[in-house]
Amino acid sequence: MLDDLIERAGIGDGRGLVDLACGTGEVALALQPRFRDVWAVDQEPEMIEVGREKAAAAAAEDVHWSVGRAEDFAATPGSVDLVTVGSAFHRLDRPLIARRAMEWLAPGRCLAIINSNSLWNGSTHWQELAVGVIRRWIGDERARIRVPDGAPAARHQEVMEQAGYGEVAEYDFPTPHTWTLDEVVGYVYSTSVAARRVLGDAVEPFEADLRRTLLGYEPSGRYPEVVHFDYILGRRPDA
Ligand SMILES: C[S@@+](CC[C@H](N)C(=O)[O-])C[C@H]1O[C@@H](n2cnc3c(N)ncnc32)[C@H](O)[C@@H]1O
């Protein structure tokens, strides 16, 4: 998917990449060899710390890590060849970020919103069962994925079009994947909704319930799905 993105975005010898809400640098580090300079920004110091460690292990020296809100980041106008946001656009002030990214991008360059489906909108029965267990232990209200302002969300494409991007389109990469039971449990703990600290004292009975429920449905301990990775690309107009 990222190769496709690079090609469609017309990145040859890329100058600057800005990866907002970069987490541990999944996107920034994968794309780093294609760019001279990479700015990777996240509001969580621990995420940036892990990103730095991964970069050091990969000898990726041209990544500039910073802790801060994406909304407060600044880049030189017209200096950037690609702005990416991986699995986080819904958490940001989308219209503001789309406008700012447009200023940083050189004419004809792109903003890419990268996503994948999650447990919550998966279409397999084992995913529904897992979400049911989470709801049982943390409550319906908290188990909902929230949009920051609580309002019905405009589609990401609309936000990008309203900010003036052209050629806005989504590219989908369905990818079969089979999870082990341990991976499902680890994934659930990695979410903000069902993190260990959210579950508190209920961690152990919750995990026992999750394992029992999934093994009751599929005793092999292997859980297949088709993951839908996608990116939405919008281009800053030339003139
Ligand atoms: C699901 S993770 C995605 C991380 C990474 N982009 C990836 O694709 O693996 C969401 C990230 O968004 C970050 N985040 C949420 N709101 C943010 C904001 N306003 N500014 C910067 N980072 C933010 C969180 O700290 C978290 O690391």
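Here are four short exercises, with worked solutions, on the aromatic rings and the sheet of this predicted model.

**Exercise 1. Work out what kind of aromatic pair Phe73 and Trp104 form, and which parts of the chain the pair ties together.**

Step 1. Start with the geometry: a pair of aromatic rings is described by the distance of the centres and the angle of the planes. For Phe73 and Trp104 the centres are 5.4 Å apart and the planes stand at 85°.

Step 2. Apply the cut-offs: centres within 6.5 Å make a pair, and planes over 60 degrees apart count as edge-to-face. The Phe73 and Trp104 pair is therefore edge-to-face.

Step 3. Now find the two residues in the chain. Phe73 is in the loop between strand E3 (63-67) and strand E4 (80-86), while Trp104 belongs to helix H4 (residues 94-104), so the pair ties together parts 31 residues apart in sequence.

Step 4. Check the surroundings: Phe73 and Trp104 are both buried.

**Exercise 2. Describe the pair of Tyr171 and Tyr231, then look at what else lies around Tyr171.**

Step 1. The ring centres of Tyr171 and Tyr231 are 5.1 Å apart with 35° between the planes, and this pair is tilted.

Step 2. Tyr171 sits in strand E6 (residues 166-180) and Tyr231 in strand E7 (residues 222-235), so parts 60 residues apart in sequence are tied together.

Step 3. Compare accessibility. Tyr171 has a relative accessible area of 21% and is partly exposed; Tyr231, at 0%, is buried.

Step 4. Widen the view: Tyr171, Phe173 and Tyr231 make up one aromatic cluster. Over the face of Tyr171 lies Arg8, 3.7 Å from the ring centre.

**Exercise 3. Find which ring the charged end of Arg196 sits over.**

Step 1. Look at Tyr189: the charged end of Arg196 is placed over this ring, 4.2 Å from the centre.

**Exercise 4. Lay out the open sheet and say which strands stand at its edges.**

Step 1. Write down the strand order, E3-E2-E1-E4-E5-E7-E6; this open sheet has 7 strands and mixed pairing.

Step 2. Read off the ends. E3 and E6 each have a single partner strand, so one side of each has no neighbour in the sheet.

Step 3. Add the twist: on average, neighbouring strands are turned by 15° against each other, direction ignored.

Step 4. Take one pairing in detail. Strand E5 (residues 105-116) pairs with E7 in the antiparallel sense over 7 bridges, and Ser116 stands opposite Phe229 in E7.

Step 5. Finish with the packing: helix H8 (residues 181-190) touches E6 and E7, and its direction makes about 135° with that of E6.

Technical notes: Residues are numbered from 1 along each chain as its sequence is written. This is a predicted model: local features need pLDDT of at least 70, side-chain atom pairs count only at pLDDT 80 or more; totals for chains, interfaces and linings use all residues. Side-chain values use heavy atoms; hydrogens and water are left out. Rings of Phe, Tyr and Trp (its six-membered ring) pair if their centres lie within 6.5 Å; planes under 30 degrees apart count as stacked, over 60 as edge-to-face and the rest as tilted. Helices (H or I, at least four residues) and strands (E, at least two) are DSSP runs, numbered from the N terminus. Buried means under 20% relative accessible area, exposed over 50%, partly exposed in between (1.4 Å probe, protein chains only). A charge sits over a ring if NZ of Lys or CZ of Arg is within 6 Å of the ring centre and within 35 degrees of the ring normal. Two strands pair if DSSP finds at least two bridges between them. Axes are lines fitted to C-alpha atoms, for helices over the stretch in contact, and angles run from 0 to 180 degrees between N-to-C directions. Contact means heavy atoms within 4.5 Å.
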